[in-house]
Amino acid sequence: MEQEVLDLAQDLAEIGRLVEDDDVSTVLDRFVRRVVLSVPECEEASITQLKQDRPDILARHHKTAAQVAEPSRVALAEQLSASSGPLQETLVYAEPRRIGDLASDHRWPDFNAAAINAGYRSCLFLPLHAAGSIPAAFTLFSVKPDAFGTTSYDVVLLFALHAGVAFDNITLYDNSMQLIEHLQSALHTRTVIGQAQGILMHRYDISSDIAFDVLKRGSQDMNVKLRHLCLQLVDAQHAGQLTEVLHHYGLSQ
């Protein structure tokens with residue numbers, strides 16, 4: 001038992017570790033794959049987020065990938081993404097839903113039929129307690145009735161809690177990388193604009209403010225982005241074609 005606990009702790013540490021080029025999809029896909037391998041009697045796991053009032057599957061993995069089973073799995077995915085059903089209730093109310101036997105439970109007949117057709121007999125839905133404002137949930141399926149008993153349920157809870165943390169971390173990481181990209185783009189744009197101003201200042205012996213006004217006028221008159229116009233001027237200067245480009249944009253005197 002002690003070794004099993006240590007193995008589980010290692011699993012949780014590994015799947016939550018961020019590596020270079022990780023994104024939300026990659027991390028969550030790694031997470032559900034490890035869940036299927038680690039949780040007893042779990043055949044399929046998925047992580048879903050509520051988008052525009054409907055469940056959106058972000059990551060999904062099952063043990064087998066038989067081609068003959070794919071149509072039934074597609075039908076099950078459609079039911080998971082429906083605007084009603086156990087997953088929708090978990091996302092909306094942040095409450096777990098468990099179906100011990102899909103064959104005898106009558107609360108969600110359409111969903112149950114799709115799950116049974118895909119070969120499953122029991123399932124579990126748990127909300128992910130992430131810091132983000134968009135609700136997310138953790139779903140597990142088994143081919144056996146009442147698969148997720150006390151011990152298995154405790155293991156699943158550990159994964160669900162860790163999934164919430166992992167979801168927060170990768171979302172924060174992804175948002176930070178996007179912010180860095182935007183800042184780098186803004187810095188490059190500012191540099192290009194400054195270079196274009198310098199070209200006009202030197203050519204026409206004008207001030208920085210006047211040069212900027214000239215660039216803005218050219219951008220508006222030609223209906224092009226200011227950064228694009230400035231980049232064209234800088235490239236033209238290096239290529240010895242500045243006069244032609246200035247004339248094209250109506251900036252020659």
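**Notes on helix α7 and the β3–β4–β5 strands**

1. Starting with the outward face of α7: D209, Q220 and D221 are exposed there, on the other side of the helix from its buried residues. Keep in mind throughout that this is a predicted model.

2. What does α7 bury? A211, V214, L215, G218 and S219 are the buried residues of this helix. They sit on the same side of α7, because the arc they cover around the axis is only 135°.

3. As for its geometry, α7 runs over residues 208-222, 15 residues in total. From first C-alpha to last, α7 reaches 21 Å, close to the 21 Å expected at 1.5 Å a residue. Have a look at what comes just after the helix, too: N223 takes a positive phi of about 55°.

4. Now for the strands, beginning with β4 (residues 122-128). How many residues of β4 are buried? The count is 7 of the 7, so the strand is largely enclosed by the rest of the structure. S122, L124, L126 and L128 point one way from β4, while C123, F125 and P127 point the other way, and all are buried.

5. Which strands does β4 pair with? One of them is β3 (residues 97-99), which pairs with β4 in the antiparallel sense over 3 bridges. In that region, R97 stands opposite F125 of β4. Another is β5, which also runs antiparallel to β4 and is joined to it by 7 bridges. Within this second pairing, C123 has F141 in β5 as its bridge partner.

6. On to the aromatics: the whole structure yields 5 aromatic pairs. Generally speaking, a pair of aromatic rings is described by the distance of the centres and the angle of the planes. Take F125 and F141: their ring centres are 6.4 Å apart and their planes lie at 85°, so this pair is edge-to-face.

7. Where do these two rings sit along the chain? F125 lies in β4 and F141 in β5 (residues 136-142), so the pair ties together parts that are 16 residues apart in sequence. F125 counts as buried because its relative accessibility is 0%. F141 likewise has 0% relative accessibility and so counts as buried; the cut-off for that label is under 20%.

8. One last item for the same spot: F125 and F141 belong to one aromatic cluster that also takes in F111 and Y120. If you're clicking through the model, F125 is a handy place to start: R97 stands opposite this residue, and its ring pairs edge-to-face with that of F141.

Key: Residues are numbered from 1 along each chain as its sequence is written. This is a predicted model: local features need pLDDT of at least 70, side-chain atom pairs count only at pLDDT 80 or more; totals for chains, interfaces and linings use all residues. Side-chain values use heavy atoms; hydrogens and water are left out. Helices (H or I, at least four residues) and strands (E, at least two) are DSSP runs, numbered from the N terminus. The expected span of a helix is 1.5 Å times one less than its number of residues. Buried means under 20% relative accessible area, exposed over 50%, partly exposed in between (1.4 Å probe, protein chains only). The arc is that of the directions from the helix axis to the C-beta atoms. Rings of Phe, Tyr and Trp (its six-membered ring) pair if their centres lie within 6.5 Å; planes under 30 degrees apart count as stacked, over 60 as edge-to-face and the rest as tilted. Two strands pair if DSSP finds at least two bridges between them.
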